[in-house]
Each structure stands twice: as C-alpha cells, then as structure tokens.
Amino acid sequence: NFCEEKFTKHGDLMNHKKKNHGDKVAICWNFLAGNCTYGDASCWFLHCESEKSATTPEWKCTLCDNEFRCQSELLRHKKQDHGHLVQMCRNEVNGKCIYGSQDCWFRHDIRESAFESETSRNEQNEVIEKVFGMLEKMTQRILQIENYSLTK
C-alpha cells in the first residue's frame, strides 16, 4: 500500500491515487492511442507524461535492459517478451482472476509456460545435450572401470 487512507469504492481510490500519488499511476494506453473516452478529468490513468513527477523512477527490465515509464508497462513487457519466466497467476489457478489473460500481469495459460517458449526450447535442447554428454562420459568411465577390474 502506498497510503493509509481507506476507500469503499474503487473509483474513489483511483481518483485519490491519481490526485495524490501520481507517481504510482500508469499512463493511459487509450490516451496514447488517441482514443480515451473518459477525458483527463474522469480517467483513472495519466494522460500526459508531464503529470508524472520529475522524481518518477524509470523501470528497467533486468532481462533485456529495456526501460519503461511505469511498473505496469514493465510487467506487460515481461509477460509479452519473457513470458516463459513469468509465474502463473495464482488467482487464475483458483479460477478467480478478475483481469483475464489479456490484462493480467501473470500467465494464465499453461502453453505460455517455458515449454512453449522458443528461447526456452533452445535452453532445454542445450540442457538435454549436456545431459547426454554426461551420460556418454559416465558410460565410458563405467566401461573403463569394468575393463580395469577384468584385467586384475
């Protein structure tokens, strides 16, 4: 939580957050696309980067070093570009995620897992090659040991 105040309505919370904690509010995607129907006064999200305080931290992806204006953009990027590393949505597992697979920052589909990722498949192939290489070396070592014990 970023504030001690309590709200009974989600709209009141979002308006308070925008007014008093602008550095915690994401840029409105619809505004950036030129089609926010709420307008600046009613929209819960920021319509201009200048609304963000000058001290707003930049969010950086630790996997690819891309930088983002807000945490929500970073988390959406991670899901889209590094999805195999994003954990499953606990709420979806329980069948109760209110955001849906498109808007949730976490994976909803098993197929989004590491096994379906091209990057991960390459990593898996490398691991498999290493395992088979180790098995081959172990087999050779066992044969050497057996040959040594037979010659004694």
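Start by selecting α3 (39–42), which is part of what covers the buried residues of helix α1. Now add α1 itself, residues 10–20, and colour its buried residues: Gly11, Met14, His16, Lys17 and Lys18. As you look along this helix, keep a general rule in mind. An α-helix has 3.6 residues a turn, so residues three or four places apart point the same way.

**Step back for the whole chain**

Before going on, zoom out. What you have open is a predicted model. How many helices and strands does the chain have? It has 7 helices and 2 strands. Follow the ribbon from the N terminus and you will meet them in the order α-α-α-β-β-α-α-α-α.

Switch on a surface view next. The accessible surface of the chain comes to about 11,900 Å², and carbon and sulfur atoms account for 52% of that. Of the 152 residues, 25% count as buried. If you draw the contacts between residues with a separation of 6 or more, 31% of them join residues 24 or more positions apart.

**Colour by confidence**

Now colour the model by pLDDT. The mean for the chain is 78, and 80% of the residues reach 70 or more. Select residues 50–55, where pLDDT stays under 50. The model gives this stretch 11 contacts beyond four places in sequence. Then select residues 112–116, where the pLDDT is below 50 as well. Here the model has 14 contacts beyond near neighbours in sequence. Where pLDDT is low, the predicted coordinates should not be read in detail.

**The two strands and the loop between them**

Next, select β1 (59–60) and β2 (67–68), together with the loop that joins them, and find Asp65 in that loop. Check its backbone angles: phi of Asp65 is near 65°, a positive value in a residue other than glycine.

**Helix α4 and its packing**

Move on to α4 and show its buried residues, which are Ser72, Glu73, Leu74, His77 and Lys79. Which elements do they pack against? Display α2 (29–32), β1, β2 and α6 around them, and you have the answer.

Just past this helix, select His82, in the loop between α4 (71–81) and α5 (90–93). Is His82 buried or exposed? His82 counts as buried because its relative accessible area is 13%, under the 20% cut-off. Leaving aside neighbours within four places in sequence, show what touches His82: Cys61, Leu63, Cys64 and His77. You have already coloured one of these, since His77 is among the buried residues of α4.

**A stop at α5**

Continue to helix α5 and pick Asn91. With 42% relative accessibility, Asn91 counts as partly exposed. Not counting residues up to four places away in sequence, Asn91 touches Lys96 and Cys97. You can also draw a distance line from Asn91 to Cys104: their C-alpha atoms are 9.9 Å apart, and the two residues are separated by 13 residues along the chain.

**An arginine in a loop**

Go on to Arg107, in the loop between α6 (100–103) and α7 (118–151). Arg107 is buried, with a relative accessible area of 10%. Where does its side chain reach? Show the backbone of Val86: the side chain of Arg107 comes to its backbone oxygen at 2.5 Å. Now add His84, which is 23 residues from Arg107 in sequence, with 8.5 Å between the two C-alpha atoms.

**Last stop: a patch on the surface**

Finish with a surface view and select Val127, Ile128, Val131, Phe132, Leu135 and Met138. Together they form a nonpolar patch on the surface, with about 560 Å² of accessible area. Click on Ile128, which has its place in helix α7. Ile128 counts as partly exposed, at 43% relative accessibility.

Technical notes: Residues are numbered from 1 along each chain as its sequence is written. Side-chain values use heavy atoms; hydrogens and water are left out. Helices (H or I, at least four residues) and strands (E, at least two) are DSSP runs, numbered from the N terminus. Buried means under 20% relative accessible area, exposed over 50%, partly exposed in between (1.4 Å probe, protein chains only). Contact means heavy atoms within 4.5 Å. Accessible areas come from the Shrake-Rupley method with a 1.4 Å probe; for residues, only the protein chains shown count as cover. A polar contact is a pair of N or O atoms within 3.5 Å; within protein, one must be able to donate a hydrogen and the other to accept it, and residues adjacent in sequence count only if both atoms are side-chain atoms. Patches are made of residues with over 30% relative accessible area and no salt bridge: like charges are joined within 9 Å, nonpolar side chains (Val, Leu, Ile, Met, Phe, Trp, Tyr) within 5 Å. A salt bridge is a side-chain nitrogen of Lys or Arg within 4 Å of a carboxyl oxygen of Asp or Glu. pLDDT is the predictor's confidence in each residue, from 0 to 100.
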